[in-house]
Amino acid sequence: MDGLTTNGVLVMHPRNGFTEDSKPGIWREISVCGNVFSLRETRSAQQRGKMVEIETNQLQDGSLIDLCGATLLWRTAEGLSHTPTVKHLEALRQEINAARPQCPVGFNTLAFPSMKRKDVVDEKQPWVYLNCGHVHGYHNWGNKEERDGKDRECPMCRSVGPYVPLWLGCEAGFYVDAGPPTHAFSPCGHVCSEKTTAYWSQIPLPHGTHTFHAACPFCAHQLAGEQGYIRLIFQGPLD
């Protein structure tokens, strides 16, 4: 005898593995006996989906398991051997800082803080305008009272939108490649490679009883904007 749990155990296997060529798979529900079914209309609906006999419940590198409130990423030892290490991410951080990006307004040098200080905003912390991608240091230019502090006007291109600090994504297991950190998720500001942001922005994660939305893998914040991420535009040093 087989059956489904009350709110369901959902699994999604990525296509092309967990690599820079990865594409989202299809979410399926796994029964108590391990059979694969299409999703129910809602998580707790009495009518189960159709059995998918050609698919398996066996996890592969990059599989996502959703337990109705907690979504887990399954990585294999072989897959992690091709993943950038924390040491590599630290080298990328130092490389960006060595380029001495500057704030176009204050002309002060910006620097990503140590990944150990990921919850503390530093005075040299880069900030970004999410509508255009221009990177600045923190300043009060364009902070008009009628906007209630929620949106700011970029002094470079005059676009108006959220203005948030940038944070390097420090969990190496979420990266699909070892590319440079050139893009940031919106609206949280976590920075990683272009292909990593592109991949996670396409992944519909279960939310509630019947909805799905893409989220930042580093903080689980729901993505916003047309793509869910932006390309960062740094200003180089003047000397």
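**Group meeting: cavities, sheets, core and pocket of a predicted model**

Good morning. I begin with the second largest cavity, whose lining residues divide into eight nonpolar, two polar and no charged. Everything I describe today comes from a predicted model.

Let me stay with this cavity for a moment. Rolling a probe the size of a water molecule over the atoms shows where empty space is left. When the whole structure is searched in this way, two cavities of 30 Å³ or more are found. The second largest of them holds about 50 Å³ of space. Which residues line the second largest cavity? They are L89, L92, M115, L168, Y175, G179, P180, P181, C192 and S193.

I now step back to the chain as a whole. The protein chain has 239 residues, and buried residues make up 46% of them. Its secondary structure comprises three helices and 16 strands. Taken along the principal axes, the C-alpha atoms fill a box of roughly 70 × 45 × 25 Å.

I turn next to the sheets. Strands of a sheet pair through backbone hydrogen bonds, either parallel or antiparallel. One open sheet is formed by five strands in the order β3-β2-β1-β4-β5, with antiparallel pairing. At its edges stand β3, residues 36-37, and β5; each has a single partner strand, so one side of each is left without a neighbour in the sheet. Further in, β1 and β4 run antiparallel and are joined by three bridges. If you wish to find this pairing on the screen, look for L10, whose bridge partner in β4 is D66.

A second open sheet has three strands, in the order β7-β6-β10, and its pairing is antiparallel. Here the edge strands are β7, at 135-136, and β10, at 163-165, each of which pairs on one side only. Strand β6, residues 127-129, pairs with β10 in the antiparallel sense over three bridges. A convenient marker is V128, which has V164 as its bridge partner in β10.

The next topic is the largest nonpolar core. How many residues does the largest nonpolar core contain, and which of them touch the most other members? The core has 26 residues, and those with the most contacts to other members are L64, F185, Y199, W200, I203 and F218. The elements that contribute two or more residues are β1 at 9-12, α2 at 86-98 and α3 at 194-201. Of these, α3 gives the most to the core, with three residues. Both domain 1, covering 9-82, and domain 2, covering 86-202 + 217-231, supply at least three residues each to this core.

Finally, I come to the largest pocket, which contains about 360 Å³ of space. Its lining consists of 21 residues, of which A70, T71, L205, A215 and A220 are the closest to its centre. Two or more lining residues come from each of β4 (63-66), β5 (71-74) and β14 (205-207). Is the lining made up of nonpolar, polar or charged residues, and how many of each? It divides into 14 nonpolar, five polar and two charged residues.

Which domains does the lining of the largest pocket draw on? At least three residues come from each of domain 1 and domain 2. I would therefore close on these two regions of the predicted model: the largest nonpolar core and the largest pocket each draw at least three residues from each of the two domains. Thank you for your attention.

Notes: Residues are numbered from 1 along each chain as its sequence is written. This is a predicted model: local features need pLDDT of at least 70, side-chain atom pairs count only at pLDDT 80 or more; totals for chains, interfaces and linings use all residues. Side-chain values use heavy atoms; hydrogens and water are left out. On a 1 Å grid over the protein atoms alone, a cavity is a set of points where a 1.4 Å probe fits but cannot get out, and a pocket is an open set with protein on both sides within 12 Å along at least five of seven lines; lining residues have an atom within 4 Å of a point. Grid points are joined across faces, edges and corners, and a volume is the space filled by probe spheres set on the points. Ala, Val, Leu, Ile, Met, Phe, Trp, Tyr, Cys and Pro count as nonpolar, Asp, Glu, Lys and Arg as charged, and the others, Gly among them, as polar. Two strands pair if DSSP finds at least two bridges between them. Helices (H or I, at least four residues) and strands (E, at least two) are DSSP runs, numbered from the N terminus. Domain bounds come from an automatic or database domain assignment. A nonpolar core is a set of buried Ala, Val, Leu, Ile, Met, Phe, Trp, Tyr and Cys residues joined through side-chain atoms within 4.5 Å. Buried means under 20% relative accessible area, exposed over 50%, partly exposed in between (1.4 Å probe, protein chains only).
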